[in-house]
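Trainee: Could you walk me through one part of this structure up close? I'd like to look at the salt bridges and what surrounds them.

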Amino acid sequence: MTKFLLDLKVNGRRRRLRTRPHKTLLEILREDLGLTGTKHGCELGECGACTVLLNGKSVYSCLVLAPQARGGEVLTIEGVPPEHPLIRAFVATGAVQCGYCTPGMILAAKAFLDRNPTQERTSWDREALEAVSGNLCRCTGYAKILEAVRVAAGKKSRRR
Amino acid sequence: MDAFSKAVGRALYADDLRLPGMLYGKILRSPHPHARILSLDTRQAESLPGVRAVVTGRGLPVPYGILPVSQDETALAMEKVRYVGEPVAAVAADTEETAGRALQLIRAEYDPLPPVLSLEEAIRGKGEPVHAKGNLHKAVSLKFGDANPPEEPEYTREDAFFYEGNTHLPLEEHSALALWKKGRLVLYSSTQTPFHLRKILAKVFGLPEDAVRVIAPKVGGGFGGKLDPFAHDLCASKLARDAGRPVKITLTREEVFYCHRGRHPAWMNIRTSWKKTGELLEMRFRSCLDGGAYGSFGVVCTYYQGGLQPTTYRIPSYTVESARYFTNKPPCGPKRGHGTPQPRFALEAHLDKVAEELGLGPVELRLKNLAPPDSTTVNRLRVTSSGLRECVEKAAEASGFRDKFRKLPYGRGIGFALGSYLCGAAVPIYWNEDPHSRVRIRLDAKGGITVFSGATDIGQGSDTVVVWAVAEILGVPPEKIRLVAADTDRTPFDLGTYSSRVTYMAGNAAREAAENLLEKVYRRTGGRRMPFEKAARIAVEKEGALESWGSYKPPLKPANFKGSGVGPSPAYSFCACAAQVQCDPRTGRVRVERITFAHDIGRAIHRPSVEGQIEGAVHMALGEAFLEEQTFHPSGLHRGPGILDYKFLSSLEMPEVKLILIESKDPGGPFGAKEVGQGPLLPVIPAVANAIYDALGIRMDKTPFTPENILLALERKSCGRIPRVGPEGFPDIPFPEPTHIPASLPGETVPC
Ligand code: FES
Ligand code: FES
């Protein structure tokens, strides 16, 4: 199959590569660019482990074909600074168990926090849970994940 | 521990690894549930450009299995295929695409046989059995304690239950990467048991064990699903040898469903006799397991059917009969809770019915019959610390159980149940005299501390426990300790991550290693006058690096009879759960409003991990209660080998979990700690079933509690039939005469 030139920005860095048009963004990231922080649990758009931000929106990278990412700006977990409040909060609250859902979870949460900073409203928790509801976690039962998102948003911890 | 590296995406899982010259492997799987393989022609596949190696059953003929008594699998099917999805051939090629195309070029001819797809069919045994010896894999029959109940029973009740099969679904799909270096095999695999996998690889390839190195990188969830050695481990190794290049095989989600080794479907029957005042006199528990195509951990699972009922309740006279049958479906095996969630569901739902008929509260009935701490159960298990009574009281109180039970409006209800689990099996899979866990600590010339542990952290936090134990004893911050784990070359032996053994066993080994190091260091500085880190610098200055070892071996099991190896543990965890539900009688939908959970954890070493383990177990339990089922079409096809069809709870469906941690300080546990990973799953499912009865007056005697089943039971109720969904009676199984193990054996020293 013919290759095409893919031009995109990943974690702030411009990347140009020749690739096949049926490749997914997930494959481009993991295989062509070696960014293995983005995980996969199905490659069918069912689990959310492959979540990245494309132009600020959270997407399942396994469902984005390479040409759709053309000219786009991609943020993967490698592009989130280690001192980012979400990373700190995930580590501090015990929201990371096997860690396989974590990168995708953090990016989905980031998209949420980026557009919904911290205004107090009663539905905030529910909205946060909704924001990560496309990201499945088999380990934590989600309680600590919500806790982490709250902490990262500067909200009071609801435990002790 | 490693949460940070996982959170920033630096932690490496098996599929993240890549080696120069690496090939991609793929596995061809059977489209038939039961068929003879007539021919397999791989010539076309072999000649496809880019294909570097092809292997079929004949290339890997040595049978193996995780249990020594069940060496009944080969990496690739030999004469027969026994389930849809069974591996029959594998290829390695330059790219994944080429490997996929090569699979399509393999000509496989089959002669289909009538499949055995249900317990009924397996028992009836028409047509060719799944294995030559017949469909019955294992039948166990044991009678414990008094031959007859100690008093004339005043009330007897019998119930039947069915527990549907389900699977682990770890978020990470299994992956294996193999390479050969100077005749030595190196395998990176997402496994929970690197040392067992090494043993199997050595067996199949005819190598000494030290010619095989298995490394478990970060593992993205296991829950028992990554315990068995798998075809992809063996095929990657074989293809790598034949191609002379590294080979990686990463499964698709669909293939993970075929690997399975998950929860056995179980048809159960329980009969108990009582005094009117609520004292349990006698129990007979019968269970029949649908094992799928191969043995896996099945024999152990069969014994576990009757194993842990007595750790929660005193049973003077106890009979257990359990059997496992082969069927043409992916093999069942150990999933979180192993063979105990099914009987726990049956027992706790049965007790709810007994309590109602005796006119006692469910909590009161349970409290009357609790197994006491520091005692030996009727089936010879030694219970040490037990915070069970406290769990029951606290969970009842915090949930407001007594005020709500039978008093909530129609459609809302509350249910109660107990659970108990092992802290590691006292008897290893492969019997030997060695310790179950060893830990080594090295203090290097610069005073750096490295801990070497063979335990695999599959997300449950065992690394944290090991490092924390060392840090606590040495009095240094955990961040200063480096951990090398789960590498059969670099780390000392460990049995692996199963039966909730890691905290207790590796934790104890780590504690001992740290104590030994402490002593060594202070001996060199002549006393404990200074903090460890300073003393350590002086000590290594004097004589270079220092090293210390610790190990753990559980106390011997209390009794010796066939089957007594399953169930003994150095300690047991206990828990109690109250579930409150709201049901919609028009749609059959149930919303869990709140779970109140009290767990006797011994001691909470790292509180967030403990809470996370319980919350995760509750989450998985609710999935099993309401959504999860691994079932098959009459053609033998899996009904939905994908996450869209096989549903579990998302963040929006998870109810509030109120946790109460009870610290009973186990005398043998590291710092008093006990397990927390598996036990909390157990009581949730029956608590929910009991709550649904409280809400709607219908009995869910079969999992999962789907809207369809709830509506069916409601319909039965409205036309005056028995308001329940579940099986009747129990199949006719040729159980052997029970072996009687009386209340005390001659010459037996009963501890405590
Ligand atoms: S890998 Fe993309 S959603 Fe599962
Ligand atoms: S931490 Fe394991 S899947 Fe979320």
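Mentor: Let's start with a term you'll need: a residue is buried when its relative accessible area is under 20%, exposed when that value is over 50%, and partly exposed in between. Take E158(B): its relative accessibility is 39%, so this residue counts as partly exposed. Keep in mind that you're looking at a predicted model.

Now find the partner of E158(B). The side chain of E158(B) forms a salt bridge with that of R284(B), at 3.7 Å from N to O. This pair ties together distant parts of the chain, since E158(B) belongs to strand β8 of chain B and R284(B) to strand β14 of chain B, with their places 126 residues apart in the sequence. R284(B) has a relative accessibility of 17%, which means that R284(B) counts as buried. So here a partly exposed residue is paired with a buried one.

While you're around there, look for a network too: R157(B), D159(B), K353(B), E357(B), D701(B), R724(B) and E728(B) are joined into one by salt bridges that share partners.

Next, try E151(B) and K275(B), whose side chains meet in a salt bridge of 3.2 Å, N to O. This one also links distant parts of the chain: E151(B) sits in the loop between β7 (136–145) and β8 (155–163) of chain B, K275(B) in the loop between β13 (266–274) and β14 (280–290) of chain B, and the two are 124 residues apart. E151(B) is partly exposed, because its relative accessibility is 39%. K275(B) is partly exposed as well, with a relative accessible area of 21%.

Over in chain A, you can pick out a salt bridge between the side chains of R16(A) and D7(A), at 3.4 Å from N to O. R16(A) has a relative accessible area of 52%, so this residue is exposed. D7(A), at 22% relative accessibility, counts as partly exposed. Across all chains, the count of salt bridges comes to 65.

Some of them cross from one chain to the other: there are 6 salt bridges between chain A and chain B. One to zoom in on joins the side chains of D16(B) and K39(A), at 2.5 Å from N to O. The two chains also have 24 residue pairs in polar contact between them. On the side of chain A that touches chain B, the elements giving two or more residues are α1 (25–32), α2 (85–93), α3 (102–115), α4 (124–131) and α5 (143–152) of chain A. Sorted by class, that side of chain A has 20 nonpolar, 13 polar and 13 charged residues. In total, 46 residues of chain A are in contact with 51 residues of chain B. Together the chains bury about 3,800 Å², and 56% of that is on carbon and sulfur atoms.

Let's finish with a residue that isn't in any of the pairs above. S175(B) lies in strand β9 (residues 175–181) of chain B. Its relative accessible area is 0%, so S175(B) is buried. The side chain of S175(B) makes a polar contact of 2.9 Å with the side chain of T250(B). If you set aside neighbours within four places in sequence, the residues in contact with S175(B) include A14(B), D15(B), Y188(B), K248(B) and T250(B).

Technical notes: Residues are numbered from 1 along each chain as its sequence is written. Chains are lettered from A and ligands numbered from 1 in the order in which they are written. This is a predicted model: local features need pLDDT of at least 70, side-chain atom pairs count only at pLDDT 80 or more; totals for chains, interfaces and linings use all residues. Side-chain values use heavy atoms; hydrogens and water are left out. Helices (H or I, at least four residues) and strands (E, at least two) are DSSP runs, numbered from the N terminus. Buried means under 20% relative accessible area, exposed over 50%, partly exposed in between (1.4 Å probe, protein chains only). A polar contact is a pair of N or O atoms within 3.5 Å; within protein, one must be able to donate a hydrogen and the other to accept it, and residues adjacent in sequence count only if both atoms are side-chain atoms. Contact means heavy atoms within 4.5 Å. A salt bridge is a side-chain nitrogen of Lys or Arg within 4 Å of a carboxyl oxygen of Asp or Glu. Buried area is the accessible area (1.4 Å probe) that two parts lose on being put together, summed over both. Ala, Val, Leu, Ile, Met, Phe, Trp, Tyr, Cys and Pro count as nonpolar, Asp, Glu, Lys and Arg as charged, and the others, Gly among them, as polar.
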